[in-house]
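Biologist: Hi, I'm new to this one. Could you walk me through it?

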There are 2 protein chains.
Amino acid sequence: MSDDHKKIRAEQGLISAPVQATINDVAGLAGVSIKTVSRVMNNEPNVREETRERVRCAALSLNYTPNLLARSLAGSRSFMVALLYDNPVPSYIFAMHNGVVARLRRSGYHLLAEPLDENAPDLDKQIKLLISTIPLDGVILTPPLCDSEVILSALEAAQIPYVRVSPFVNPDRSSRVFMDEKSAAFQMTSYLIEQGHKDIGFVHGHPKHGGSHRRYEGFYQAMSDHGLVINPDWVKPGQFSYESGLEAGRSFFASATRPSAIFASNDYMAFGIMTIAQQMDIKIPDELSIVGFDDAPGSILIWPHLSTIRQPVHDIAYQAAEILLDKSLEKKALELPFELIKRSSTSPHHH
Amino acid sequence: MSDDHKKIRAEQGLISAPVQATINDVAGLAGVSIKTVSRVMNNEPNVREETRERVRCAALSLNYTPNLLARSLAGSRSFMVALLYDNPVPSYIFAMHNGVVARLRRSGYHLLAEPLDENAPDLDKQIKLLISTIPLDGVILTPPLCDSEVILSALEAAQIPYVRVSPFVNPDRSSRVFMDEKSAAFQMTSYLIEQGHKDIGFVHGHPKHGGSHRRYEGFYQAMSDHGLVINPDWVKPGQFSYESGLEAGRSFFASATRPSAIFASNDYMAFGIMTIAQQMDIKIPDELSIVGFDDAPGSILIWPHLSTIRQPVHDIAYQAAEILLDKSLEKKALELPFELIKRSSTSPHHH
DNA sequence: CTGAAAGCGCTTACAG
DNA sequence: CTGAAAGCGCTTACAG
């Protein structure tokens, strides 16, 4: 704090709050200009080592940390990144936060948590307000917001760098981090087929999530590659929610015939189907194999444990932040590996 | 942007990025001083209605939004609040984020997500760095960080307002939002007793979480109020994790005798116990009733569905933010109601 | 290698 | 009811 303020405080006999030291305090103590302090704090060249050391000492003894807001206002970086999300799966969002923060923190950046409602009529206004209020250094977008034209064009108009996680629409429009969901679904389906299943049902995910489509593609491909026919009656709509899984389950089991295996586009829907199966006394996996996608925490709670695909969410988030901090202008596309996890909800089918 | 900059851009023929309008632009367009614009934007009194309207028009037509960083630097508020957490339950953290943001947004505040490791040796440095880097307007602390002396004293030294969620140590040290966990545990235990259970086991939560102790207190109270004896062999340690539930389960079922009901201090541990019970072919609820605490998403996935206590996490988070924005200096203690949820993991005990 | 000056976009404290 | 001046704590652009 300035000398004047110190004096005033002393005169008034106020309990001295431990006011933050500023660049002026450090400069004064080290006997240099604030520009030199700035150079040292930013690890810029052209400072004599002795001077550098003196400034470092002064900063340390005053417990000085540059004020992020002042740096932002004067400089070209805000050290703030926002994570935009509208995803109902807590474990996914949790891992996204942790992964992004893990990378940002290493570079002194901070993360703004910005949950949004994709269907809000004023989404456009909301995103523009955010952008114009805080000069963000970057934005990370998760499905389904990563495919929101309103958001993408607002970010581009404001020239804010952004990285998309698992985008579906126009993937090369921006840098992105993703895993091969189609291939994952292909492998999962192939696994079921190898187990002797031919009559395999499928439950779609939320139509606004790109993953829904990629997963169906993988399923479709595996079925045709193996010369198997997809029964349209066994392909159900879904919303990625537990409730839509319940509904799909009821629909599946209302018919006289049913598939010997079901591929649900995510775990929550698989849980719903399993609940209905249990109610109707359909034994899993003996009478019905079932698989999901995501490896949600519940997949080892439910019985039998759910075979599923594990997404490396934490890594995906970390890498998305990495790309954002790169500052290189070229667009990047980083693919991360998935993992097929075989548990007890699947078993060989005997004809 | 300033006229000079506009000119330069025009001269160079640059593609004009939609640079943010500033207070100067609005003042110029409206024909008033920037101070008047400031008054209007902050809804301060002493502006003629006509002037006010003129400024509003100008701001609207320029798409002007005050720069948060500049407001922070010049003023006394940063419009930034941080949520500090080190809690492994994704659904809890997810709901905390959503609840806090829901309230903050109404007042134009933003939320920094700051996951921390309570056991980090440099937790002290981390928190001090955060505090000195960004002048936070407030902090919200969740268990177990809400009981971290290192964090609390750092916040107090920096005179940063904070609200604690469900604190255990020295609850009146700050404003807080909580539910009556003891009473919830009391009611849950009483419910089991009413069902005819007398031999009731208990699994402690993580010792660093205050909730663990309060929940045991409620259990203890209910047992003694009903003249029932607590068998020390049936009180197991736990860590709030699924794994510690598995361990508790193994320990319970290794003995010749076991309780007819078990109260696990949270759902994840209950899930672990249920897994072991299933493996050992112990029928729930016929041979063993079990209850948890939290109403985690898995509690309706597992079979049978888990009877548990629902915490109003979203509301708690919302109210914590509300108190933070209040700015009144008095400490507040807000209690929110819980809900006892009876599902199929419990049944009457017949002697 | 170092510094003086100007400025980032606002609010504060004061004057009229 | 309104505004001119100073300043928040830094960085930028420039000079030496």
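Modeller: Happy to; we can take the DNA, the chain contact, the domains and one strand in turn. This is a predicted model, in which local features need pLDDT of at least 70, side-chain atom pairs count only at pLDDT 80 or more, and totals for chains, interfaces and linings use all residues. Residues are numbered from 1 along each chain as its sequence is written, while chains are lettered from A and ligands numbered from 1 in the order in which they are written.

Biologist: Great. Which residues come nearest to DNA strand D?

Modeller: A:Ile23, A:Ser38, A:Ala74, A:Gly75 and B:Ala74 do, out of 26 residues around the strand. A residue is near a strand if its C-beta atom, placed from the backbone, lies within 6 Å of it. In both chain A and chain B, helix H3 (34-41) and helix H5 (68-74) each give two or more residues to that surface. Helices (H or I, at least four residues) and strands (E, at least two) are DSSP runs, numbered from the N terminus.

Biologist: And how many of those residues are charged?

Modeller: 4 are charged, alongside 11 nonpolar and 11 polar. Here Ala, Val, Leu, Ile, Met, Phe, Trp, Tyr, Cys and Pro count as nonpolar, Asp, Glu, Lys and Arg as charged, and the others, Gly among them, as polar.

Biologist: Switching topic: how many residues does each chain bring to the contact?

Modeller: Chain A brings 38 residues and chain B 37, with two residues in contact if their C-beta atoms, placed from the backbone, lie within 7 Å. On the side of chain B that touches chain A, the largest share, 7 residues, comes from H6(B). That side has 24 nonpolar, 13 polar and no charged residues.

Biologist: What about domains in chain A?

Modeller: The assignment, which is automatic or from a database, gives domain 1 (3-66), domain 2 (78-180 + 313-336) and domain 3 (181-311). The C-alpha centres of domain 1 and domain 3 of chain A lie 62 Å apart.

Biologist: Last one: is strand S1 of chain A buried or exposed?

Modeller: Buried: 6 of the 6 residues of S1(A) (80-85) are, so the strand is largely enclosed by the rest of the structure. Buried means 20 or more other C-beta atoms within 10 Å of a residue's own, exposed 12 or fewer, and partly exposed in between, with C-beta atoms placed from the backbone.

Biologist: Which strands does S1(A) pair with?

Modeller: S1(A) pairs in the parallel sense with S2(A) (110-115) over 6 bridges and with S3(A) (138-141) over 4 bridges; pairing needs at least two DSSP bridges. A:Tyr85 stands opposite A:Pro115 in S2(A), and A:Leu83 opposite A:Ile140 in S3(A).
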